Amino acid sequence: MMLKGMTAQYLLNQTFKVGPETTLLFHAAAGGVGLIAGQWAKALGATVIGTAGSQDKIDLALAHGYDHVINYRTDNFVSQVKEITNGKGVDVVYDSVGRDTYPASLDCIKPRGLWVSFGNSSGPVDAFSIGVLAQKGSLFATRPTLFGYVATRPALEACANSLFDIVQSNKVRINVNQTYALADAAQAHTDLEARKTSGTTALIP
Ligand SMILES: NC(=O)c1ccc[n+]([C@@H]2O[C@H](COP(=O)([O-])OP(=O)(O)OC[C@H]3O[C@@H](n4cnc5c(N)ncnc54)[C@H](OP(=O)(O)O)[C@@H]3O)[C@@H](O)[C@H]2O)c1
């Protein structure tokens with residue numbers, strides 16, 4: 001709960017202040033961070049678009065706050081986002097997939113919107129010219145980490161308390177979708193790499 005939940009907290013409340021007027025795209029919507037973020041963004045009143053890699057994951061994301069979920073393994077997520085937003089694009093894209101979704105993620109963002117690159121599940125984004133942000137519509141870009149947002153005791157307590165509040169309100173539920181014996185940690189990593197997991201995974205000592 002803490003790492004994934006505080007990540008969702010700072011992404012939606014600090015990196016960009018999500019509210020009822022926000023339309024956002026969150027890649028890997030059925031992942032551990034993704035399922036928390038979908039519920040939290042919905043609680044903030046946003047229009048929430050996600051991507052996921054299978055029908056099971058799409059169904060799971062739809063049950064966790066997402067209004068629309070696109071299969072980015074079979075469909076073109078840029079054209080789908082344009083269709084959903086009537087050609088406008090989204091205010092902010094949260095992208096933890098990295099290499100596979102760059103630069104297409106930038107084409108989903110409205111002018112002066114924000115690209116939040118917060119992970120590398122498919123590999124890192126290669127070096128690029130900052131001029132691409134001008135070409136794609138005067139975009140903003142950030143590459144945040146949780147540790148940059150909880151670097152002081154007051155910042156950590158504020159972030160954690162915000163997470164405890166939303167979980168206690170039942171607006172965000174955090175389910176452990178698969179458990180492994182600690183001795184099977186290698187299998188857990190194999191399944192993560194094969195994109196077989198959804199939501200939170202726990203190793204049991
Ligand atoms: N910057 C930060 O502060 C911060 C904090 C926490 C986590 N993170 C990062 O955020 C990402 C999500 O974390 P998480 O805990 O939600 O992870 P997770 O549950 O493992 O979700 C990752 C998902 O990424 C998708 N994916 C797309 N391409 C992939 C590939 N080539 N290999 C493996 N998975 C791929 C898979 O979903 P589909 O099958 O649906 O594509 C997978 O389920 C990770 O990259 C993590 O390192 C960053």
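In which loop is Asp67 found? In this predicted model, Asp67 is found in the loop between α3 (55-62) and β3 (68-71), and the report returns to its surroundings after describing the sheet, the helices and the nonpolar cores.

## The sheet

The model contains an open sheet of six strands, which follow one another in the order β3-β2-β1-β4-β5-β6 with parallel pairing. The edges are taken by β3 and β6 (140-142), and because each of these two has a single partner strand, one side of each is left without a neighbour in the sheet. On average, and with direction ignored, neighbouring strands of this sheet are turned by 15° against each other.

Within the sheet, β4 and β5 pair in the parallel sense over five bridges, and Val93 stands opposite Trp115 in β5. Helix α4 (residues 77-84) packs on the sheet, where it touches β1, β2, β3 and β4, and its direction makes about 160° with that of β3.

## Helices α1 and α2

Helix α1 (residues 2-15) is mostly covered, with 10 of its 14 residues buried; among them are Gly5, Met6, Tyr10, Leu11 and Leu12, together with polar residues such as Gln9 and Asn13.

Helix α2 lies across β1 and β2 and runs at about 170° to β1. Its 12 residues (32-43) should span 16 Å at 1.5 Å a residue, and the separation of 18 Å between its end C-alpha atoms agrees with that expectation. This helix is also mostly covered, as 10 of its 12 residues are buried, including Val33, Leu35, Ile36, Gln39 and Trp40. After α2 comes Gly45, whose phi is positive, near 95°.

## The nonpolar cores

The largest nonpolar core has 33 residues, of which Leu12, Leu24, Phe26, Trp40, Tyr66, Tyr94 and Phe118 touch the most other members. The elements that give two or more residues to this core are α1, β1 (23-26), α2, β2 (47-52), α3, β4 (90-95), β5 (109-117) and α7 (153-168). Apart from it lies another core, of 18 residues, which includes Leu25, Val78, Val97 and Leu106.

Leu12 illustrates the contacts made from α1: leaving aside its neighbours within four places in sequence, Leu12 is in contact with Lys17, Val18, Leu24, Ala37, Trp40, Ala41, Leu44 and Tyr94.

## Asp67 and its partners

How much of Asp67 is accessible? Its relative accessible area is 34%, and because buried residues lie under 20% and exposed ones over 50%, Asp67 is described as partly exposed. Beyond its neighbours within four places in sequence, Asp67 is in contact with Lys42, Ala46, Thr47, Val48 and Leu62.

Two of these partners are reached by the side chain of Asp67: a polar contact of 3.0 Å joins it to the side chain of Lys42, while the backbone nitrogen of Val48 is reached at 2.7 Å. The C-alpha atoms of Asp67 and Ile36, which are 31 residues apart along the chain, are separated by 14 Å.

## Thr85 and its partners

Another loop residue is Thr85, which is found between α4 and β4. With a relative accessible area of 10%, Thr85 is buried. The side chain of Thr85 reaches the backbone nitrogen of Gly89 at 2.9 Å, and, leaving aside neighbours within four places in sequence, Thr85 is in contact with Thr23, Ile49 and Val90.

Key
Residues are numbered from 1 along each chain as its sequence is written. This is a predicted model: local features need pLDDT of at least 70, side-chain atom pairs count only at pLDDT 80 or more; totals for chains, interfaces and linings use all residues. Side-chain values use heavy atoms; hydrogens and water are left out. Buried means under 20% relative accessible area, exposed over 50%, partly exposed in between (1.4 Å probe, protein chains only). Helices (H or I, at least four residues) and strands (E, at least two) are DSSP runs, numbered from the N terminus. The expected span of a helix is 1.5 Å times one less than its number of residues. Contact means heavy atoms within 4.5 Å. A polar contact is a pair of N or O atoms within 3.5 Å; within protein, one must be able to donate a hydrogen and the other to accept it, and residues adjacent in sequence count only if both atoms are side-chain atoms. A nonpolar core is a set of buried Ala, Val, Leu, Ile, Met, Phe, Trp, Tyr and Cys residues joined through side-chain atoms within 4.5 Å. Two strands pair if DSSP finds at least two bridges between them. Axes are lines fitted to C-alpha atoms, for helices over the stretch in contact, and angles run from 0 to 180 degrees between N-to-C directions.
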